[in-house]
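Please work through the exercises below with the sequence and the model side by side. Try each task before reading its solution.

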Amino acid sequence: MSFTKKIIISMILGILIGVTFNLTSLIESSSGAYVTNLLDLVSYLFLSSLKLIIVPLIFFSIVCGIVSLSDDVSISRLGIKTLLLYTITTVIAISLGLLFSSFINYEPIEMKNLDSVINIENIETDGNIFPNNIFKSLSDGNIIHLLIFAVLIGISAARIKNRIKTFIQYFYDFNDVINELVKLIISFTPVAVFCILAKTFSTQGIETIMPLAGYFFTVVFVVLFHFLFTFSILIKLFTVLNPVKFFQNLKDVVIFTFSTSSSSASIPFTLKAAEEKYGIDKSISTFTVPLGATINMDGTAIMQGCATFFLASLYGIDLGLNEIITIVITATIASIGTAGIPSAGII
């Protein structure tokens, strides 16, 4: 049985068992509590393992990728093209979210039910995009700072790579070790996906999404529309690939990312698909994929656009052209700064 089929079966079984637990109230029994704790433990260990390897994976991948590029011109050209493409797709994503949300007539909800569980005043943000203490940034898991530091190390090493062959080889060896560790962790994906979805649906239940069905399905529709329509156009315009074949080769990445809700966790899958299924040079993929998983979060941008319009509708706020432009700009910046972990976009 293929790895993809195993994940799909795990997803289906996880949802069915989770819903069954929720509907039969087995989750409230003592045995149900043990099962929930076990599911939670497995989910936590798997996601924690993925988070554990994100920092070394991104760092060594980017440094090795940049060192593999021929010269400074290649690095700058690749960086400019990559950032431009990521920015354009993010702006398109947020615009689509706002456009389709404007067609939805959301059911009014009483204001007394609109209680926030997040105290905005207690949220601390780091406005410094450039690192001044890389060790603190590493301990805090600041991916933007890590990216900048890795790029600087990679550029510096590339400029004198003929004199530091042993040093560069160490980086390649470390990168191979990290990739092997990634494969080991990924092999547990079917079991982890089952536990994640079973836990989610056993504790939350299907009924929790019904009052927000309009918003929920709008987000899902826009994500699928952007994924299939926007990227099909980009593929046709800039490549010789067949869009249908392109999306077929992405099925493992899509299923895994959907089940874990983490773009950072999907980096190993994406790198593997880029190099093995599309034949992309490793020097290109190891630079663009980790960067994209950090700053090219179109799904988050769509969610933020739909959520903003949804909340504005509930509070009776009319969004004019100036407000729309402001939302597009701020959501684009916010999606770039959002961590690639589950639910980070909420803040």
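The exercises that follow concern a predicted model, and each solution goes step by step.

**Exercise 1. The chain as a whole**

Determine which kinds of secondary structure element the chain has, and how its residues divide between interior and surface.

Solution. Begin with the elements: the chain has 14 helices and zero strands, and reading from the N terminus therefore gives an α at every position of the element order. Next, turn to burial, where the cut-off is a relative accessible area under 20%; buried residues make up 41% of the 347 residues in the chain. Then consider the surface, which amounts to about 19800 Å², with carbon and sulfur atoms supplying 67% of that exposed area. Finally, look at the contacts between residues at least 6 apart in sequence, of which 81% join residues at least 24 apart.

**Exercise 2. One helix in detail**

Compare the span of helix H5 with the span expected at 1.5 Å a residue, and find which of its residues are buried.

Solution. Helix H5 covers residues 143–159, which is 17 residues. From its first C-alpha to its last it reaches 24 Å, and this is close to the expected 24 Å. As for burial, the list for H5 opens with the run Ile143, Ile144, His145, Leu146, Leu147 and Ile148, and it continues with Ala150, Gly154, Ala157 and Ala158.

**Exercise 3. An aromatic pair**

Classify the ring pair of Phe59 and Phe171 as stacked, edge-to-face or tilted, and say where its two members lie.

Solution. A search of the whole structure finds 14 aromatic pairs. In the pair of Phe59 and Phe171 the ring centres are 5.9 Å apart and the planes stand at 50°, so the pair is tilted. The pair links distant parts of the chain, since Phe59 belongs to helix H2 (residues 30–68) and Phe171 to helix H6 (residues 165–186), 112 residues apart. Both partners can then be checked for burial: Phe59 has 15% relative accessibility and so counts as buried, and Phe171, at 12%, counts as buried as well. As a last step, place the pair in its setting, for Phe59 and Phe171 form one aromatic cluster together with Phe60, Phe149, Phe167 and Phe174.

**Exercise 4. A charged pair**

Find how many salt bridges the structure holds, and describe the residues involved.

Solution. Side chains of opposite charge can pair when their charged atoms come close. The structure holds one salt bridge, formed by Lys199 with Asp40, whose closest N and O atoms are 3.7 Å apart. This pair also links distant parts of the chain, with Lys199 in helix H7 (residues 189–204) and Asp40 in helix H2, 159 residues apart. Lys199 has 24% relative accessibility and therefore counts as partly exposed, and Asp40, with a relative accessible area of 37%, is partly exposed too.

**Exercise 5. Cysteines and a serine**

Establish how many disulfides there are, whether Cys64 and Cys195 are buried or exposed, and which residues Ser232 touches.

Solution. The structure holds zero disulfides. Cys64 is buried, with a relative accessible area of 5%, and Cys195 likewise counts as buried at 5% relative accessibility. Turning to Ser232, which lies in helix H8 (residues 213–238), its relative accessible area is 19%, so Ser232 is buried. Leaving aside residues up to four places away in sequence, Ser232 touches Pro243 and Phe247.

How values were computed: Residues are numbered from 1 along each chain as its sequence is written. This is a predicted model: local features need pLDDT of at least 70, side-chain atom pairs count only at pLDDT 80 or more; totals for chains, interfaces and linings use all residues. Side-chain values use heavy atoms; hydrogens and water are left out. A disulfide is a pair of cysteine sulfur atoms within 2.5 Å. Buried means under 20% relative accessible area, exposed over 50%, partly exposed in between (1.4 Å probe, protein chains only). Helices (H or I, at least four residues) and strands (E, at least two) are DSSP runs, numbered from the N terminus. Contact means heavy atoms within 4.5 Å. Accessible areas come from the Shrake-Rupley method with a 1.4 Å probe; for residues, only the protein chains shown count as cover. The expected span of a helix is 1.5 Å times one less than its number of residues. Rings of Phe, Tyr and Trp (its six-membered ring) pair if their centres lie within 6.5 Å; planes under 30 degrees apart count as stacked, over 60 as edge-to-face and the rest as tilted. A salt bridge is a side-chain nitrogen of Lys or Arg within 4 Å of a carboxyl oxygen of Asp or Glu.
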